[in-house]
Amino acid sequence: MTIATGDKLPDATFKETTADGMMEVTTADLFNGKKVVVFAVPGAFTPTCHLNHLPGYLENRDAILAKGVDEIAVISVNDAFVMAAWEKATNGTGKLRYLSDWNAEFTKAIGMDADLSAGTLGVRSKRYSMIVEDGKVTALNLEESPGQAITSGAAALLEQL
C-alpha cells in the first residue's frame with residue numbers, strides 16, 4: 001500500500017555520512033517535532049535526479065526554509081558512500097540531508113519501491129516529494145514519469161507550503 005496524505009510514516013533507519021563518520025538516522029530522529037521536506041530520487045547521479053530534481057531543491061532551499069521548514073532531505077536507494085559523493089559533487093553539504101535508504105526499507109514500507117531492473121538499476125524509489133509534519137504526511141507528490149521532476153520538483157512543493 002502506498003503512503004497517502006494524512007498517514008504517519010513508519011519506523012525506518014537511514015544512513016548518513018557526516019564529518020563524524022557514518023551515522024544512523026531514524027525516522028523519529030528526522031521527523032519528530034519538525035516540519036521536513038523530503039524528496040526521493042531513483043538514483044544519485046542519474047540524469048534527471050542529478051541535473052533536474054536535486055538542483056531545484058538546492059536553488060530553492062532558502063525560500064523553502066523561510067516557509068517554516070526545519071530541514072530538507074533527499075532519500076535514495078543508494079549506499080551511504082554514493083550519497084556522500086553526491087553531496088560533495090553537488091555542493092550540498094550543510095544545505096540538504098543526503099539520506100541512504102540502502103536496503104529500501106523505508107521505500108518499501110511506504111509503497112514507493114519500483115523495480116527498475118530493465119534499466120540496470122534494480123529496486124529503487126519512485127520519484128516523489130512530500131511535506132512531513134511531526135511524522136505525518138501533509139502533502140505528497142508522486143511523479144508519474146520517472147524521467148520528469150515536475151510534480152515532485154521544488155517549485156511545485158514550494159507552492160504547497
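Colleague: Let me begin with two aromatic residues in this predicted model. Are Trp86 and Tyr98 buried or exposed?

Modeller: Both Trp86 and Tyr98 are buried. They also belong to one aromatic cluster, whose other member is Phe45.

Colleague: How should I read aromatic pairs, and how many are there?

Modeller: The idea is to look at the distance between ring centres, then at the angle between the ring planes: under 30 degrees counts as stacked, over 60 as edge-to-face. By this rule there are 4 aromatic pairs. Take Phe39 and Tyr57: their ring centres are 3.9 Å apart and the planes meet at 5 degrees, so this pair is stacked. The two rings come from distant parts of the chain, with Phe39 in strand β3 and Tyr57 in helix α2, 18 residues apart.

Colleague: What are the relative accessibilities of Phe39 and Tyr57?

Modeller: Phe39 has 0% relative accessibility, so it counts as buried. Tyr57, also with a relative accessible area of 0%, is buried too. Now compare the geometry of Trp86 and Tyr98: the ring centres lie 5.9 Å apart with the planes at 85 degrees, so this pair is edge-to-face. Here Trp86 sits in helix α4 and Tyr98 in strand β5 (residues 97-100), 12 residues apart, and this pair too links distant parts of the chain.

Colleague: And a charge over a ring? Which residue lies over the face of Trp102?

Modeller: That one is Lys15, at 5.2 Å from the ring centre of Trp102.

Colleague: Let's move to the cores. Which residues have the most contacts inside the largest nonpolar core?

Modeller: The general idea first: in soluble globular proteins, nonpolar side chains tend to be buried together. In this model, the largest nonpolar core has 21 residues, and Tyr57 and Trp86 have the most contacts inside it. Elements giving two or more residues to this core are β3 (35-41), α2 (47-59), β4, α4 and α6 (154-160). Helix α2 provides the largest share, 4 residues. There is also a second, separate core of 20 residues, with Val38, Ala40, Leu99 and Tyr128 among them.

Colleague: What does Tyr57 touch beyond four places in sequence?

Modeller: Its partners include Val37, Phe39, Ile64, Ile72, Leu96 and Leu157. Elsewhere in helix α2 you find Leu58. Outside its neighbours within four places, Leu58 is in contact with Thr90, Gly92, Lys95, Leu96 and Tyr98. Its C-alpha atom is 8.7 Å from that of Ala154, although 96 residues separate the two along the chain.

Colleague: What about a polar residue in a loop? Is Asn78 buried or exposed?

Modeller: Asn78 has 10% relative accessibility, so it counts as buried. This residue lies in the loop between β4 (71-76) and α4 (80-89). A polar atom of the Asn78 side chain is 2.9 Å from the backbone nitrogen of Ala44. Beyond four places in sequence, the contacts of Asn78 include Gly43, Met83, Ser100, Trp102 and Arg124.

Colleague: Finally, how do I judge the overall fold? How many helices and strands are there?

Modeller: The protein has 6 helices and 9 strands. For its 161 residues, a compact globule would have a radius of gyration near 15 Å, and the 14 Å found here agrees. Along the principal axes, the C-alpha atoms fill a box of roughly 40 × 35 × 30 Å. Of the 161 residues, 49% count as buried. Of the contacts with a separation of 6 or more, 64% join residues 24 or more positions apart.

Conventions: Residues numbered from 1 in each chain as written. Predicted model: local features only at pLDDT ≥ 70, side-chain atom pairs only at ≥ 80, totals over all residues. Heavy atoms only, no water. Buried < 20%, exposed > 50% of the residue type's maximum accessible area, 1.4 Å probe, protein only. Polar contact = N/O pair within 3.5 Å; in protein donor to acceptor, adjacent residues only side chain to side chain. Contact = heavy atoms within 4.5 Å. Core = buried A, V, L, I, M, F, W, Y, C linked by side-chain atoms within 4.5 Å. Phe/Tyr/Trp six-rings, centres within 6.5 Å; stacked < 30°, edge-to-face > 60°. Lys NZ or Arg CZ within 6 Å of the ring centre and 35° of its normal. Rg over C-alpha atoms; globule rule 2.2 N^0.38 Å.
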